[in-house]
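Good morning, and thank you for the time on today's agenda. Please look at the sequence and the structure as they appear, and I will then go through the main features in turn.

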Amino acid sequence: MKSRPGAAVAAGADVGTSLVKLALRDGDGRTRYEVLPSGDLPAVAAHLAASSPDRVGVTGGGASRLARLLHSDTAEVAEFDAWAAGARL
């Protein structure tokens, strides 16, 4: 997959009560991490959209709210399932 300047190939968001933790991976395999306040999910959705990810995964208590705001396909993963998969890595 060819990298687009400034674009994320994949994004993951853990939507908590006070913070949204983002992981954005580019086409070269580099991942950048960001933390945004979860009080303004429309701004978080706009920020994600500006990154132009091909895929978005969401988890956490507010995941379904953020997924509804995104105008792209999202994969919603139960938080405990995400923890378990991460622990195996």
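How many residues does the hairpin use to join strand 1 to strand 2? The connection runs through 3 residues. Before I continue, I should state that this is a predicted model.

Let me begin with the strands. Strand 1 covers residues 10-15 and strand 2 covers residues 19-25. These two strands pair in the antiparallel sense, over 6 bridges. To place one of the pairs, V15 has V20 in strand 2 as its bridge partner.

Strand 2 also pairs with strand 3, which spans residues 31-37. This pairing is antiparallel as well, and it extends over 7 bridges. Within it, L24 stands opposite R32 in strand 3. The hairpin of strand 2 and strand 3 has 5 residues between the strands, and there G29 takes a positive phi near 85 degrees.

Strand 1 has a further partner in strand 4. Here the sense is parallel, with 5 bridges. A11 stands opposite V56 of strand 4 in this arrangement.

I turn now to the interior. As a general matter, nonpolar side chains in soluble globular proteins tend to be buried together. In this model the largest nonpolar core has 18 residues. A13, V20, L48, V58 and L66 are the residues with the most contacts inside the core. Two or more residues come from each of strand 1, strand 2, helix 1, strand 4 and helix 2, the last of these being residues 63-69. Helix 1 provides the largest share, namely 4 residues.

L48 deserves a moment of attention. Which residues does L48 contact once its neighbours within four places in sequence are left aside? They are A11, L22, L24, P53, L66 and L70.

Next, the loop between helix 1, residues 41-51, and strand 4, where S52 is found. Although S52 is not a glycine, it has a positive phi of about 55 degrees. S52 counts as partly exposed because its relative accessible area is 34%, and that class lies between the limits of 20% and 50%.

D54 is found in this loop between helix 1 and strand 4 too. Is D54 buried, exposed or partly exposed? With a relative accessible area of 41%, D54 is partly exposed. D54 and V9 are 45 residues apart in sequence, yet their C-alpha atoms are 5.1 Å apart in space.

Let us move along the chain to strand 5, which covers residues 74-76. T74 is found in this strand, and T74 counts as partly exposed because its relative accessibility is 30%. Setting aside neighbours within four places in sequence, T74 is in contact with V56 and A67. Between the C-alpha atoms of T74 and L22, which are 52 residues apart along the chain, the separation is 14 Å.

V77 follows in the loop between strand 5 and helix 3. Its relative accessible area of 36% makes V77 partly exposed. Apart from neighbours within four places in sequence, V77 is in contact with V58, T59 and A82. V77 and D14 are 63 residues apart along the chain, and their C-alpha atoms are separated by 9.7 Å.

Finally, I come to the pockets. The largest pocket holds about 270 Å³ of space. Its lining has 17 residues, and those nearest the centre are A11, G12, A13, G57 and V58. Strand 1, strand 2 and strand 4, at residues 55-59, each give two or more residues to this lining. By class, the residues of this lining are 11 nonpolar, 3 polar and 3 charged.

The second largest pocket has a volume of about 200 Å³. Which element gives the most to the lining of this second largest pocket? That element is helix 3, residues 79-88, with 5 residues. The lining consists of D14, T59, E79, A82, W83, A85, G86 and L89. By class, this lining has 4 nonpolar, 2 polar and 2 charged residues.

In closing, I would recall two points. Strand 1 pairs in the antiparallel sense with strand 2 and in the parallel sense with strand 4. A13 and V58 are among the residues with the most contacts inside the largest nonpolar core, and both are also among the residues nearest the centre of the largest pocket. Thank you for your attention.

Key: Residues are numbered from 1 along each chain as its sequence is written. This is a predicted model: local features need pLDDT of at least 70, side-chain atom pairs count only at pLDDT 80 or more; totals for chains, interfaces and linings use all residues. Side-chain values use heavy atoms; hydrogens and water are left out. On a 1 Å grid over the protein atoms alone, a cavity is a set of points where a 1.4 Å probe fits but cannot get out, and a pocket is an open set with protein on both sides within 12 Å along at least five of seven lines; lining residues have an atom within 4 Å of a point. Grid points are joined across faces, edges and corners, and a volume is the space filled by probe spheres set on the points. Ala, Val, Leu, Ile, Met, Phe, Trp, Tyr, Cys and Pro count as nonpolar, Asp, Glu, Lys and Arg as charged, and the others, Gly among them, as polar. Buried means under 20% relative accessible area, exposed over 50%, partly exposed in between (1.4 Å probe, protein chains only). Two strands pair if DSSP finds at least two bridges between them. A nonpolar core is a set of buried Ala, Val, Leu, Ile, Met, Phe, Trp, Tyr and Cys residues joined through side-chain atoms within 4.5 Å. Contact means heavy atoms within 4.5 Å.
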